[in-house]
Amino acid sequence: MGSKAKWLCKLALGPVLLLMSVVAMAVGGEASEYNMPQGVTAVGQQVYDLHMIILGICVVIGVLVFGVMFYSIIYHRKSRGVTPATFHESTKVEIAWTVVPFFILIIMAIPATTTLLEIYDTDNAELDVVVTAYQWKWKYEYLNEEGENVSFFSNLATPQAEIHNSEAKGEHYLLEVDEPLVLPVDTKVRFLVTANDVLHSWWVPMLAVKRDAIPGFINESWTKATEIGVYRGQCAELCGRSHGFMPIVVNVVSKEDYAQWFTAKQAEAAETKGLMAKTFTLDQTMERGEIVYDSNCQVCHGANGEGGVGNAIAGSAVATGDIGHHLDIGIDGVSGTAMQAFGAQLNDVDMAAVITYQRNAFGNNMGDIIQPIDVYNHKKD
Amino acid sequence: MGDHHHGPAKGLSRWLFTTNHKDIGTMYLWFSFSMFILGGAFAMIIRAELFQPGLQLVEPGFFNQMTTLHGLIMVFGAIMPSFVGLANWLIPMMIGAPDMALPRMNNWSFWILPPTFLLLASTLFMEGGAPAAGWTFYAPLSTTYAGPSVTYFIFCIHVLGLSSIMGSINIIATVMNMRAPGMTYMKMPLFVWTWLITAFLLVAVMPVLAGAVTMMLMDVHFNTSFFSAAGGGDPVLFQHVFWFFGHPEVYIIILPAFGVVSQIIPAFSRKPLFGYDSMVYATASIAFLSFIVWAHHMYTVGMPVAGELFFMYATMLIAVPTGVKVFNWISTMWRGALSFETPMLFSIGFLILFTIGGFTGLMLSIAPADFQYHDSYFVVAHFHYVMVAGAVFSMTAAIYFWLPKWCGRMYNETMGKTHFWISFIGFNLTFFPQHFVGLAGMPRRIPDYALQFADFNMMSSIGAFIYGASQILFLYNVIATIRSGDIVTDEKVWDGAEGLEWTLPTPAPYHTFETPPAVK
Ligand code: HEM
Ligand SMILES: [Cu+2]
Ligand SMILES: [Cu+2]
């Protein structure tokens, strides 16, 4: 290979990279693997357009600038025996390349401003949802005027076995939850985003919504999805150990389906209320307790109660000791540690079930049954 | 005064007690390189874990410690001290001064660094592990929810700040007072100019960082609630204070790099720097603007829309002086007589890749679009293009450029060029795909990811291993040069190099410019 050919090979690399990137970015459509998704909201489409315009501007400037540079690299080489020029300033040129970019920026700023104002316009929402972030799960609460309040937690549903590579990973690995947020299509939904412990950020790319969840403050954001479908996202702000494991799934359904779902959830809530007064057998409690434990406690206390971030439950002095103390920890947590106060997160039925479960599972076999009413009374004291 | 023309002391005391700017510069450079290797090792752990979906090597808590320490060590241990080392070596030689203005303080500002980083690294072995809240350590994850190592971390930040401030005061005092007669401000080499401005930035913002960590300390140990809403404080306050330091900090990192390439590109273009005056003004305007754009890191925290707009416009504006710099460098090359020795290759690499990083910066400045980019891998790609391909590439160029002057021996050019090409390919393979996964929705700082991100992550990891390995070649080349490189004796090692340092004998003697040179 001649030295010239060798040079051309080397030089090809830059433009090729650039071209590759442009092509790769341009093929992006819905939920692309390369590019920002266009999303299913009007705002999302605008944001996508902004992104493509600014990318386009950058590519054009890049081609010009790198073009000049590579021309120089090829034709103004010492090995070609050129004598260097001596010019080294020109006020006119300097003014030109200060002013021209300035005007390009102004052109860019105009659509950016309109889109931003639209993102900030949270008025006239038809539905309000409070999104509260916890380490490491989301809580959704629908603010409706009448009937039972609907509120639930949404936890990672991917099994630990998949994460630790002992089982094949499913299609929605790490992007699946036990209970998704359900929203009606074509409805302006306002999110009131806050957090219970540290900072988190609620991000669903297809809805073009990202809002930080900040303890003690409520941030507003909104969306209006125009297509039925399932949209997935993740927490975007580092929030500790399991930051990578608190996904978001939004299920956008038709208005009728939504109404049906909502009524069913209200009925479920009413039923839970009814359960509060009931007395359960050990088997019933254990069955419910296992479900509650797996979705709320397992991350820190281990699938077999062996511990992890939290200490072991198997053989724990608390789980095999005084019930009152055990309930205290479950309800109020241990301040200054990762052990949160679950009293506000779990209803009394679930709390009773999970405490019972901890006292009887993992070889603890205490034989105690805690009833919802016990939790209720304990909270009152 | 004749008996003062002595050489260095013997043994360890030469290094411990030295006040010689060249010795101190050398120590800074070796220290920062060792931190570069340590921070790099952490990066290799991160990339190894991310090689495939699933948790393979480390558990998530440790992963967070790795990302945190990697960031802290690279910013405060590798990049910043390396440029201070370069300043020590070069500023006196470039302005015709015999040494730095405050040599004893110079010794101190170096020697407090190694114990500090030792302490920081040792937190890995503490109960609860090293700090794990990211290099941006947002409260309350870094305060109420942090392990006991946070106190040590705060102490470390204080000492690093102290070191930076002492170093900066020294540079300011040297540049203002010790220029050779005739060396007016507008005749100073650009490297000196960019460092002078950087030093002012450092003096202005390091105390702000100290304020932030002091408030953390109070929150952790003295029951205050600066950053806790439960006690009437505000977690977002932390971010404002941090980024008021943090954004100027990124320019602290890049301005000296601008200075370096502004020396090297003219040398290998055999043509004076185009637009010297406008380069100085652009640097100053970047420095000024860097104080009023901090909240572009916080577009999603829920600022009032007026604040959001202000920070968006101000950030977009920064692209203008940045563009001016790029245009000037390219005009310098235009119709020159170019040759492509290793320093020039790294400078051209800088020019291309830094410009790409600047483009993504411009994209990030668009607030509505940043709602999608923020805290995704797109941001990770952006800042590695500006910090690694910007700062680290220019630093590498600087070492190849001035090493022959320093030690009177020439590095191996073939090995240097190989180092460049492996670095360039490895770097792009690592970070270019991160633009894609970021846009497609992969958040940063996660130890495991969804399956659609797998291919690009594997590419990234392979690239990272290549880039990492290329640094071993660099180390070997530098050591081989110092010990047995071909002797050079020309004062001007490079035919196109201009400036006072190239009028000195090669290798540069232990004491230089004891009588000030005459500057035309
Ligand atoms: C054209 C000039 C630049 C512009 C307009 C720009 C803009 C931005 C913006 C808006 C962000 C926030 C992105 C987000 O978190 O959503 C950002 C992040 C960042 N930029 Fe730049 N940038 C520029 C140049 C630089 C330079 C020269 C450096 C350093 C050498 C740098 C280092 C960083 C770093 C370290 C971050 C991420 C910090 C973090 O969150 O960890 N940027 N940049
Ligand atoms: Cu998170
Ligand atoms: Cu910034």
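In chain A, strand 4 and strand 10 (residues 247-253) run parallel and are joined by 4 bridges. The model that shows this pairing is predicted, and the points below take up the strands of chain A before turning to the contact that chain A makes with chain B. That contact takes 93 residues from chain A and 101 residues from chain B.

**Strands 4 and 10 of chain A**

- Where strand 4 of chain A meets strand 10 of chain A, A:Pro184 stands opposite A:Val253.
- Along strand 4 of chain A (residues 181-184), A:Leu181 and A:Leu183 point one way while A:Val182 and A:Pro184 point the other way, and all of these residues are buried.

**Strands 1, 2 and 3 of chain A**

- Strand 2 of chain A (residues 137-143) is largely enclosed by the rest of the structure, because 5 of its 7 residues are buried.
- With strand 1 of chain A (residues 127-134), strand 2 of chain A pairs in the antiparallel sense over 7 bridges, and a hairpin of 2 residues joins these two strands.
- Strand 2 of chain A also pairs with strand 3 of chain A (residues 150-154), again in the antiparallel sense, over 5 bridges.
- A:Glu141 in strand 2 of chain A is the bridge partner of A:Val130, and A:Glu141 also stands opposite A:Ser151 in strand 3 of chain A.
- The hairpin formed by strand 2 and strand 3 of chain A has 6 residues between the strands, and in its turn A:Gly147 has a positive phi of about 80°.

**Area buried between chain A and chain B**

- About 8,300 Å² is buried between chain A and chain B, and carbon and sulfur atoms give 73% of this area.
- Of the area that chain A buries against chain B, A:Phe87, A:Trp97 and A:Leu238 supply 8%, which is more than any other three residues.

**Polar and charged links between the chains**

- Between chain A and chain B the count is 23 residue pairs in polar contact, with both residues at pLDDT 80 or more.
- The count of salt bridges between the two chains is 1, and B:Glu59 forms a salt bridge with A:Arg241 in which the closest N and O atoms are 3.4 Å apart.

**The side of chain A that touches chain B**

- The elements of chain A that give two or more residues to this side are helix 1 (3-26), helix 2 (42-75), helix 3 (91-120), strand 7 (209-213) and strand 9 (229-235).
- Helix 2 of chain A gives the most to this side, with 16 residues.
- By residue type, the side of chain A that touches chain B divides into 53 nonpolar, 26 polar and 14 charged residues.

Technical notes
Residues are numbered from 1 along each chain as its sequence is written. Chains are lettered from A and ligands numbered from 1 in the order in which they are written. This is a predicted model: local features need pLDDT of at least 70, side-chain atom pairs count only at pLDDT 80 or more; totals for chains, interfaces and linings use all residues. Side-chain values use heavy atoms; hydrogens and water are left out. Contact means heavy atoms within 4.5 Å. Buried area is the accessible area (1.4 Å probe) that two parts lose on being put together, summed over both. A salt bridge is a side-chain nitrogen of Lys or Arg within 4 Å of a carboxyl oxygen of Asp or Glu. A polar contact is a pair of N or O atoms within 3.5 Å; within protein, one must be able to donate a hydrogen and the other to accept it, and residues adjacent in sequence count only if both atoms are side-chain atoms. Ala, Val, Leu, Ile, Met, Phe, Trp, Tyr, Cys and Pro count as nonpolar, Asp, Glu, Lys and Arg as charged, and the others, Gly among them, as polar. Buried means under 20% relative accessible area, exposed over 50%, partly exposed in between (1.4 Å probe, protein chains only). Two strands pair if DSSP finds at least two bridges between them.
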